[in-house]
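Thanks for making time this morning. I would like to walk you through one model, beginning with its charged pairs and then turning to how its helices and chains pack.

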Amino acid sequence: MWTFLHKLGSPRHFYRISGGMLPWLAWTTALLMAAGLYGGLVLAPPDYQQGESYRIIFIHVPSAWMSLFVYVIMAAAGAVGLVWRIKLADVMAAASAPLGASFTFLALVTGSLWGKPMWGTYWVWDARLTSELVLLFLYFGVMGLHAAIEDKRTASRAAAVLALVGVVNIPIIHYSVEWWSTLHQGPTVTKFDAPSIHLSMLVPLLLMALAFKLYYVTVLLMRARSEVLERERSSAWVRELARGT
Amino acid sequence: MNGPGAGYAFVRLLERDLVLAVRNRGELANPLLFYVIVATLFPLGVTSDPKTLATMAAGVLWIAALLATLLSLDNLFRSDFDDGTLELMMLSPCPTTLLVLAKVLAHWLVTGLPLLVATPLLAVLMAVPEAARWTLWLTLLLGTPVLSLVGGIGVALTVGLRRGGALLSLLVLPLYVPVLIFGANAVGATAAGLPVTGQLLMLCAFLVLALSLAPVATAAALRISID
């Protein structure tokens, strides 16, 4: 077990193992996403209040969940890289930032498209919208720092510190914005008693959430693979690889 | 540790930074002038109607203070980084967090404190209701040290870069959101006759949190920027 993990941590073995995993991951993602979309767009009944327009929930909610999830993963990977100097953790953190930013952006766009028919406006200064926007800025900060520092190792470590500061700040920002103003509907899935969402809608929603997670893992591995090649370009195994093909 | 203790180093560094600031009086005045000018531009750009001004004054003054702090942040470590003093500080046996705290405190004394002195005057110009003037001053007193402390992390991350200015604002401004919310809101609440103890206590909590964690993060960031 430990030797396997240890092996996985080395860029060379990671490149080999992830190459074998990618097709499986990609196909599972595609299947889950197809099933979730079919269930959500075709099978699920229209909402008695919101009609058909609620169906954007199947994109909006998973991407909003992912936006926070990816940030935490990015910060955790950054911390691992900072403490144990594992190269692969740095690579994962660097590859996560643009992905998380795009999930956040997607959540914002779908949210505002949903807001137009429901609230009658594309944008309101509502608590969750605002904290999502601030989260997008935090992602941009991490990406900007990555881009600005030439040495990749230093860039990763600096971005990790920033991501960790962000993790301490995200709850503070979230609750202060929440306290400041809120208009959003309450949580419908995570209530501890019966969730206030019908099963025929909940199942596709959870399928989509799972599909989004796997999509993230798939694209993360793809990005990490190319990042590994770029960072290790002067090492023997990458040269061998380049000569071989 | 042999020789003089860490407390001595703290005091000496603080003294040195303050003396440097006083010798460069022109630079000392810049953030203050910026603050006053930005606040002046708002009545010109929006309206001079005292009622409208009163509703937005707290936000305007808070944002002006935020930008003035941001503008002055770059000086925090820049000159010490350029001439190598910073490297020697990190090599010294004294804990870096303590030295960082001394530098940030000096920064606040040089930029935050003048803003506080100018605020009562600007509050009158911006037609802040009389009852709320104290609250505005108090929120700035509690909030500006947080701005300096959190800003320090951003500066430490970007000090090695040649053009870190724009990046610095991208890194730091989102982190200023909670302070701005509670600071500006407390003033509005006082003007409406509501109790503001909660907001003030929150600002105190932010200050304590920033005081205990920000120097650690700043020191870590400096270590990364230097090597």
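Let me start with the salt bridges, of which there are 11 over all chains, bearing in mind throughout that this is a predicted model. One of these pairs is D17(B) with K103(B), where the closest N and O atoms lie 2.9 Å apart. The two partners are 86 residues apart and so tie together distant parts of the chain, D17(B) sitting in helix 1 (residues 6–23) of chain B and K103(B) in helix 6 (residues 96–125) of chain B.

How many salt bridges, then, are found across the interface of chain B and chain A? The count there is 0, and the interface itself brings 22 residues of chain B into contact with 24 residues of chain A. Between them the two chains bury about 2,000 Å², and 86% of that area is on carbon and sulfur atoms. On the chain B side, L157(B), L175(B) and I224(B) supply 28% of the area buried against chain A, which is more than any other three residues.

Turning to chain A by itself, we have 8 helices and 0 strands, and its C-alpha atoms fill a box of roughly 60 × 40 × 30 Å along the principal axes. I have picked out two helix pairs from this chain.

In the first pair, helix 4 (residues 87–119) of chain A and helix 7 (residues 199–231) of chain A have axes that come within 8 Å and cross at roughly 135°. Because that angle falls short of the range over 145 degrees that would count as roughly antiparallel, the two helices are classed as oblique to each other, and their crossing is right-handed. Among the residues making the contact are L99(A), F103(A) and L106(A) from helix 4 of chain A, and F212(A), Y215(A) and Y216(A) from helix 7 of chain A. Sorted by character, the residues of this contact comprise 17 nonpolar, 1 polar and 4 charged.

In the second pair, helix 3 (residues 57–84) of chain A packs with helix 6 (residues 152–180) of chain A at an angle of about 130°, their axes being 8 Å apart, and helix 3 of chain A is therefore oblique to helix 6 of chain A. Here the crossing is left-handed. The contact includes Y71(A), M74(A) and G78(A) on helix 3 of chain A, with L162(A), G166(A) and I170(A) among those on helix 6 of chain A, and its residues divide into 13 nonpolar, 2 polar and 1 charged.

How values were computed: Residues numbered from 1 in each chain as written. Chains lettered and ligands numbered in written order. Predicted model: local features only at pLDDT ≥ 70, side-chain atom pairs only at ≥ 80, totals over all residues. Heavy atoms only, no water. Axes fitted to C-alpha atoms, helices over the stretch in contact; angles between N-to-C directions. Helix = DSSP H or I, 4+ residues; strand = E, 2+ residues; numbered from the N terminus. Parallel < 35°, antiparallel > 145°, perpendicular 65-115°, else oblique. Left-handed = near helix turned anticlockwise from the far one by under 90°. Contact = heavy atoms within 4.5 Å. Nonpolar A, V, L, I, M, F, W, Y, C, P; charged D, E, K, R; others polar. Buried area = accessible area lost by both parts, 1.4 Å probe. Salt bridge = Lys/Arg side-chain N within 4 Å of Asp/Glu carboxyl O.
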